[in-house]
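Please look through the sequence and the 3D structure shown here before reading on. The briefing that follows moves from one part of the chain to the next, grouped by topic.

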Amino acid sequence: MITQNITSISESIIDTVGNTPLVKLNNVLNDSHFNLFGKLEAANPAGSIKDRTSLFILKQALASGTIKKGDTVIESSSGNMAVGLAQACLYYGLKLIVVVDPKLNSHTEKILRTYGVRIEHVTVPKKNGGYLAARLERVQQLLDQIPNSYWSNQYGNQNNPLTHHETMSELMDSLHGKLDYLFVATSTCGTLMGCADYIHENHLNTKIIAVDAVGSVLFGGPPLKRLIPGHGAGVPSQFLDTNRIYDHVYVDDVDCARGCWSLLEKEAILCGGSSGGMISAVRKYSQKIEQDSNCALFLCDRGERYLDTIYNRDWLLKELPESKNAFTPIGGW
C-alpha cells in the first residue's frame, strides 16, 4: 500500500509563499572548486521572488489600515512584481493596475489579464530615466485620478528590503550558517539590500555580490538599451548602499540567455533572464572565489515567461545575433 506523508496543510495560497527549496547546482559550472546553490524562488505560487515582496507590502498596508478591501493598488512593473501583486490582490479583494512598457513579455501579459488586472502601457521612454521613469510618471497620474488608490512602490517602500530578512534567514538555516558568497540580481535593489542589511545586522561573513545589467545606471554605468526585463534599472535605486556590497559584476543580455540555456541543459531547471545572468556572473567571478566556499544565488522566476524570447531561437537570432557564437541551445540552432 502506498501512503502519502503530508507534513502540513496551508490555510490559503498566500501561505505557500516563501520557504522555497535550496537546490545544489552540481553541473552548471564544470569542475568548480566551490559549492553552488540556487534558491528556487520559481517555486513560489505566482512564480517568482516578487511573490514575497508583493505579499509582505500588502500585508503591512492592510494591517496599518493604509488600504482596505475594494481599494486600488497601483504599481509599475516589468513583470514579476505585477504577477505577485495580481495573486495577492485577488486574494485580499483589492483592485490592481500595473503600468508596463514594451519589454513586458506576452506570456506575463496574458497571466495578468487572466487575474483581472488593468494594464496601462507606456510606449515612449523619458529622455532621463528611460521606460522606468515613464512608468513612474504614469503611476503618479493614476494616483491623482483614482480615489482610494495606493502605490505599493517597490522602488521606495522599506517593506521591500525588509521582506528579504526572512529570505536570508531561510537561506542561512538551510546552509547551517555557512554562506561565503551570495549573488543577487539588481533591479529595485530591494532583494539586494534586504539581504545585505541582514548580513550586516547579524555580523555574518557572507560577501554579497550584486549582479547588474550592462546598460543599467545603478553602479554608475551609462544607460544603454536592454532587452531582458527584470534586472538592472534606468534610474538610481532608493535602497542601494554600496558600502554594504562587497563587489558587483556586469552581465549583458547574451550572458543572461547563455546562462539560462546552460542552467536548463546542465541542471534541467527552466528559469528566467536574471537567473541566467547570475549563472554567467558566477562563472565570470569564479576565479576570485576561494576553494570549498559555499556560494548561493536566487533563481528568481520561471522560464515559461521567456519562451517567446530567451528560449526562442528565432528571437535570439533576430534580437541578439551574437548569441549564435556565444552558446548552442539544446537541439542546436
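A residue is called buried when its relative accessible area is under 20%. By that cut-off, strand 3 is mostly covered, since 5 of its 5 residues are buried. The model is a predicted one, and the points below should be read with that in mind.

**Strand 3 and its partner**

- Within strand 3, Thr72, Ile74 and Ser76 point one way while Val73 and Glu75 point the other way, and all of them are buried.
- Strand 3 is joined by 5 bridges to strand 4, which covers residues 95-100, and the two strands run parallel.
- In this pairing, valine 73 of strand 3 is found opposite leucine 96 of strand 4.

**Glutamate 75, a buried charged residue**

- Glutamate 75 belongs to strand 3, which runs over residues 72-76.
- Which side chain of opposite charge is nearest to glutamate 75? It is that of arginine 135, at 7.3 Å, and glutamate 75 has no salt bridge even though it is buried.
- This is consistent with the cut-off for a salt bridge, because that requires a side-chain nitrogen of Lys or Arg within 4 Å of a carboxyl oxygen of Asp or Glu.
- The side chain of glutamate 75 does make a polar contact, at 2.8 Å, with the side chain of serine 152.
- Leaving aside residues up to four places away in sequence, the residues touched by glutamate 75 include Met81, Leu85, Val139, Trp151 and Tyr155.

**Helix 1**

- Helix 1 has 15 residues, 50-64, and at 1.5 Å a residue it should span 21 Å, which agrees with the 21 Å between its end C-alpha atoms.
- Among the buried residues of helix 1 are the charged residues Lys50, Asp51 and Arg52, and Leu55, Ile57, Leu58 and Ala61 are buried as well.
- The elements that cover these buried residues include strand 2 (35-40), strand 3, helix 2, strand 6 and helix 5 (159-174).
- Just after helix 1 comes glycine 65, which takes a positive phi of about 85°.

**Helix 2**

- The 13 residues of helix 2 should span 18 Å at 1.5 Å a residue, and the end C-alpha atoms are indeed 18 Å apart.
- Helix 2 is mostly covered, with 10 of its 13 residues buried, and these include Met81, Val83, Leu85 and Cys89.
- The cover over the buried residues of helix 2 includes helix 1, strand 3, strand 4 and helix 3 (106-114).
- Glycine 93, just after helix 2, also takes a positive phi, in this case about 75°.

**Positive phi outside glycine**

- Most residues other than glycine have a negative phi.
- Asparagine 148 is not a glycine, yet its phi is positive, near 55°, and its place is in the loop between helix 4 (130-145) and strand 6.
- Cysteine 189 likewise has a positive phi, of about 75°, without being a glycine, and it lies in the loop between strand 7 and helix 6 (190-201).
- Is each of these two residues buried or exposed? Asparagine 148 is exposed, with a relative accessible area of 53%, whereas cysteine 189 counts as buried at 2% relative accessibility.

**Strands 7 and 8**

- Strand 8, residues 207-213, is mostly covered, as 6 of its 7 residues are buried.
- Strand 7 and strand 8 run parallel and are joined by 5 bridges, with tyrosine 181 standing opposite lysine 207 of strand 8.

How values were computed:
Residues numbered from 1 in each chain as written. Predicted model: local features only at pLDDT ≥ 70, side-chain atom pairs only at ≥ 80, totals over all residues. Heavy atoms only, no water. Helix = DSSP H or I, 4+ residues; strand = E, 2+ residues; numbered from the N terminus. Buried < 20%, exposed > 50% of the residue type's maximum accessible area, 1.4 Å probe, protein only. Polar contact = N/O pair within 3.5 Å; in protein donor to acceptor, adjacent residues only side chain to side chain. Contact = heavy atoms within 4.5 Å. Expected span 1.5 Å × (residues − 1). Pairing = 2+ DSSP bridges.
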